[in-house]
Amino acid sequence: MAEIYTPAASLAPVLRQDAVSIQKTAPLARLSFRGRAEAQAAVAGALGFALPQAPLSAATGAGKVALWLGPDEWLLLAPEAELEAFEAAVNAAVAGLAASVTDISHRQDAVLVSGPRAAWLLNAGVPIDLALPAFPVGMVTRTLCHKAEVILWRKAEDQFVLECWRSFQPYVLEHLLDAARELSTA
Amino acid sequence: MLLISCPYCGVERPETEFRYGGEAHIARPADPSQLNDEEWAQFLYMRTNTRGLYAERWRHAHGCGRFFNAVRDTVSDKFVCTYKAGEPKPDLDALARASQEKDAR
């Protein structure tokens, strides 16, 4: 299937170097879903695939993505144009159940961090182990980048999605650009 | 950096992702209106504040968001174990003896 996160065509890359680049992504429909097993099964019906139950994992299918954030919390992604239909479908699925579905499409924004030094650059602000055995391809987690909370998803060995609250993004990006100065002089 | 193992995520994460939540296994009184002020203050404020192994609540605030319980040595700041909320409190005396034997070796 097509990648859910695509580079924003109209925006110049935030950073472009041989070793690492940072590119803003096109808008997406994002829903925050929280609920117990019954509601999870209902949402799976609306999505067309089961929510990932293994900690720190992601599931994709039918152009949509579900990211595990906690034992009862998922971030659901869909193409931007489908937001209204997607939100209505998920809300209809959990009607009458104890669950929460919130449109956070405009709360968060993501960048793609790619290149052979992507993990190195992220580790300037992200304090977790990003070596492949500890953080394999496909792993997704909420963590910190400096003092900002971020969602980090490893798409490939040398590519990460870094999603954070949009008002935090200048803070996160400036810290990463600052760290990248070390690479540009090398 | 101090690493704490989150029982929900199943991984070790740096301490900065976590928030401290006070002593664990303190049950809220079923009917607070039946308590006098002293009993209520006992529930609200009085903690065992052990020197040594201490069962306490932690929250993986910048991770899965879940509260869990941990046994930590308040002298060395070493985490002995972590376990999910709702699981029984481990035998702290046995854990203390085990960690002493481990240190002695």
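This is a guided tour of a predicted model, arranged as a series of selections to make in the viewer.

**The two domains of chain A**

Begin by colouring chain A in two parts, selecting residues 15–26 together with 107–181 as domain 1 and residues 28–103 as domain 2. If you mark the centre of each domain from its C-alpha atoms, the two centres in chain A lie 24 Å apart.

Next, show the residues where these domains of chain A meet, and you will find twelve residues of domain 1 in contact with twelve residues of domain 2. The size of an interface is often given as the accessible area lost when the parts come together. Between domain 1 and domain 2 of chain A that buried area is about 980 Å², with carbon and sulfur atoms giving 58% of it. Select Val140(A), Arg142(A) and Trp153(A), which supply 49% of the area that domain 1 of chain A buries against domain 2, more than any other three residues.

**Polar links between the domains**

Keep the same boundary in view and turn to its charged pairs, for the count between domain 1 and domain 2 of chain A is two salt bridges. Select Arg30(A) and Glu163(A), which form a salt bridge whose closest N and O atoms are 2.6 Å apart. Across the interface of the two domains of chain A, four residue pairs are in polar contact, with both residues at pLDDT 80 or more. On the side of domain 1 of chain A that touches domain 2, the elements giving two or more residues are strand E8 (108–114), strand E9 (140–145) and strand E10 (148–156) of chain A. The residues of that side of domain 1 of chain A divide into six nonpolar, three polar and three charged.

Now select Glu73(A) and Arg142(A), a salt bridge in which the closest N and O atoms are 3.1 Å apart. Glu73(A) lies in strand E6 of chain A and Arg142(A) in strand E9 of chain A, so this pair ties together parts that are 69 residues apart in sequence. Both Glu73(A) and Arg142(A) are buried.

**Other salt bridges**

Widen the view to every chain, where a search of the whole structure finds ten salt bridges. One to select is that between the side chains of Glu82(A) and Lys64(A), which meet at 3.4 Å, N to O. Because Glu82(A) sits in the loop between strand E6 (73–79) and helix H2 (83–93) of chain A, while Lys64(A) belongs to strand E5 (residues 64–70) of chain A, the pair ties together parts that are 18 residues apart in sequence. Glu82(A) is partly exposed, with a relative accessible area of 33%, whereas Lys64(A) is buried, with a relative accessible area of 13%.

Move to chain B and select Arg72(B) and Glu56(B), whose side chains meet in a salt bridge at 2.4 Å, N to O. Arg72(B) is in strand E5 (residues 67–73) of chain B and Glu56(B) in strand E4 (residues 53–59) of chain B, so the pair ties together parts that are 16 residues apart in sequence. Arg72(B) and Glu56(B) are both buried. Then select Arg34(A), Asp72(A) and Arg66(B), which are joined into one network by salt bridges that share partners.

**Helix H1 of chain A**

Finish at helix H1 (residues 37–47) of chain A, where the buried residues are Ala39(A), Gln40(A), Ala42(A), Val43(A), Ala44(A) and Leu47(A). Among the elements that cover the buried residues of H1(A) are strand E3 (28–35), E5, E6, H2 and strand E7 (99–103) of chain A. The last selection is Gly48(A), which follows H1(A) and has a positive phi, near 95°.

How values were computed: Residues are numbered from 1 along each chain as its sequence is written. Chains are lettered from A and ligands numbered from 1 in the order in which they are written. This is a predicted model: local features need pLDDT of at least 70, side-chain atom pairs count only at pLDDT 80 or more; totals for chains, interfaces and linings use all residues. Side-chain values use heavy atoms; hydrogens and water are left out. Domain bounds come from an automatic or database domain assignment. Contact means heavy atoms within 4.5 Å. Buried area is the accessible area (1.4 Å probe) that two parts lose on being put together, summed over both. A salt bridge is a side-chain nitrogen of Lys or Arg within 4 Å of a carboxyl oxygen of Asp or Glu. A polar contact is a pair of N or O atoms within 3.5 Å; within protein, one must be able to donate a hydrogen and the other to accept it, and residues adjacent in sequence count only if both atoms are side-chain atoms. Helices (H or I, at least four residues) and strands (E, at least two) are DSSP runs, numbered from the N terminus. Ala, Val, Leu, Ile, Met, Phe, Trp, Tyr, Cys and Pro count as nonpolar, Asp, Glu, Lys and Arg as charged, and the others, Gly among them, as polar. Buried means under 20% relative accessible area, exposed over 50%, partly exposed in between (1.4 Å probe, protein chains only).
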